[in-house]
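Colleague: I have the model open on my screen and would like to go through it with you. Could you pull it up as well?

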Amino acid sequence: MRTRNLAVTRLFGRRATLSRSVSLLRDFGHEQTAPDIFYGALARDSVELIGDLYRGLTGDALGGRVVLDVGGGPGYFAEVFHASGARYVPVEPDASEMHAAGLTVHGSVRGSGMALPFRDDSVDICFSSNVAEHVREPWTMAEEMLRVTKPGGLMVLSYTLWWGPFGGHETRPWHYLGGEYAAKRYARKHGHEPKNRFGESLFDVGAGDGFRWARSTPNGDLLAAFPRYHPRWAWWIIRVPILRELLASNLVLVFRAR
């Protein structure tokens, strides 16, 4: 799918090296066993991603900007965004998830991404990292993200692709045989349900779904789309419909709000 302004990714593209991809892949192995390592790496990468894209769009740094994180969970991202000078506001619907890591994030908001408790045009940047695959109506959430973003502001939706190698999360690679099969197999093997239960807290969202929504929304302009964890020289796969579903792993959609 052709996008309108690839210049917005120029800064982050320089950062998207093979060594970064390898380092993130190594850290991702700790998601279930040592979440501090996993989310710490993801937080650092996220502030670099958002900071680079915002500078690419506006020429400005994050200092003083209001950054709304939809699905912010227990607040792993708060420290790095505060260090950037941004006014970081996480919103999370699940109270137990907000307190899961024992962190205290001032300004946290309990609310649903399906109906964000914020006024229209109220934040400079709205982003969501690895959340869309966990909600039944991801494009309702995406529209809400555009609604609360100021005209000309940045909206970034980053989500895991179902048919990619990490689509089944902890039930992978058995999700290729079906989400329900993968979940039941996990329960038999481990004696308990997976954290990410297919059909309840994990859904089969693809790249094609995101592009179809991006073409249809009247509330934002798609500036760029790329596979988040790939090196820059491999971003071309996002232009190949079937290949991107299998190999992109995570899709980033970058919008300028209208």
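Colleague: Let's start in the sheet: which residue of S7 does Tyr 159 stand opposite?

Modeller: Tyr 159 stands opposite Leu 251 in S7, and please keep in mind as we go that this is a predicted model. Strands S5 and S7 run antiparallel and are joined by seven bridges.

Colleague: And what stands opposite Leu 251 from S6?

Modeller: That is Pro 227, which stands opposite Leu 251 in S7, and here too the two strands, S6 and S7, run antiparallel with seven bridges joining them.

Colleague: Is S7 mostly covered or mostly open?

Modeller: S7 is mostly covered, since seven of its eight residues are buried.

Colleague: What order do the strands of the sheet come in?

Modeller: The order is S3-S2-S1-S4-S5-S7-S6, in an open sheet of seven strands with mixed pairing. The edge strands are S3, residues 109-110, and S6, each of which pairs on one side only.

Colleague: In what sense do S1 and S2 pair, parallel or antiparallel?

Modeller: S1 and S2 pair in the parallel sense, over five bridges, and Val 66 stands opposite Arg 87 in S2.

Colleague: Switching to the interior, which residues have the most contacts inside the largest nonpolar core?

Modeller: Those are Leu 68, Met 155, Leu 157, Leu 251 and Leu 253, in a core that has 35 residues. Among the elements that give two or more residues to this core are strands S1 (66-70), S5 (149-160) and S7 (250-257), along with helices H6 (138-148) and H8 (207-216).

Colleague: Which element gives the most?

Modeller: H6 does, with five residues. Within H6 the buried residues are Pro 138, Met 141, Ala 142, Glu 144, Met 145, Leu 146 and Val 148, and the buried residues of this helix pack against S1, S4, S5, H8, S6 and S7.

Colleague: What is Leu 157 in contact with, leaving aside its neighbours within four places in sequence?

Modeller: With those neighbours left aside, Leu 157 is in contact with Trp 139, Met 141, Ala 142 and Met 145, with Leu 251, Val 252 and Leu 253, and also with Ser 128 and Ala 132.

Colleague: What about the second core, how many residues are in it?

Modeller: The second core is separate and has 34 residues, including Ala 41, Leu 57, Ile 125 and Leu 154. Ala 41 has its place in helix H3, residues 35-58, and it is buried, with a relative accessible area of 4%.

Colleague: Where does Ala 41 sit relative to Tyr 76?

Modeller: Ala 41 and Tyr 76 are 9.8 Å apart in space, C-alpha to C-alpha, and 35 residues apart in sequence. As for contacts, leaving aside neighbours within four places in sequence, Ala 41 is in contact with Leu 24 and Asp 27.

Colleague: Now the outside: which residues form a nonpolar patch on the surface?

Modeller: The patch is formed by Trp 163, Tyr 176, Ile 242, Leu 246 and Leu 247, which together have about 500 Å² of accessible area. Ile 242 is found in helix H9, residues 241-247.

Colleague: Why does Ile 242 count as exposed?

Modeller: Ile 242 counts as exposed because its relative accessibility is 66%, and the cut-off for that label is over 50%.

Colleague: On to the backbone. Which residues does the cis peptide bond join?

Modeller: The cis peptide bond joins Arg 172 and Pro 173, with omega at about 0°, and Pro 173 lies in the loop between S5 and helix H7 (179-190).

Colleague: And what is phi of His 169?

Modeller: Phi of His 169 is near 55°, a positive value in a residue other than glycine. His 169 is found in the loop between S5 and H7, and it is buried, with a relative accessible area of 9%.

Colleague: How about Asp 121, where does that one lie?

Modeller: Asp 121 lies in the loop between S3 and S4, and its phi is also positive, near 55°. At 39% relative accessibility, Asp 121 counts as partly exposed.

Colleague: Last one, for the whole chain: how many helices and strands are there?

Modeller: The protein chain has nine helices and seven strands, and buried residues make up 52% of its 258 residues. Of the contacts between residues at least 6 apart in sequence, 67% join residues at least 24 apart. The chain exposes about 11800 Å², with carbon and sulfur atoms supplying 53% of that area.

Conventions. Residues are numbered from 1 along each chain as its sequence is written. This is a predicted model: local features need pLDDT of at least 70, side-chain atom pairs count only at pLDDT 80 or more; totals for chains, interfaces and linings use all residues. Side-chain values use heavy atoms; hydrogens and water are left out. Helices (H or I, at least four residues) and strands (E, at least two) are DSSP runs, numbered from the N terminus. Buried means under 20% relative accessible area, exposed over 50%, partly exposed in between (1.4 Å probe, protein chains only). Contact means heavy atoms within 4.5 Å. Accessible areas come from the Shrake-Rupley method with a 1.4 Å probe; for residues, only the protein chains shown count as cover. A nonpolar core is a set of buried Ala, Val, Leu, Ile, Met, Phe, Trp, Tyr and Cys residues joined through side-chain atoms within 4.5 Å. Two strands pair if DSSP finds at least two bridges between them. Patches are made of residues with over 30% relative accessible area and no salt bridge: like charges are joined within 9 Å, nonpolar side chains (Val, Leu, Ile, Met, Phe, Trp, Tyr) within 5 Å. A salt bridge is a side-chain nitrogen of Lys or Arg within 4 Å of a carboxyl oxygen of Asp or Glu.
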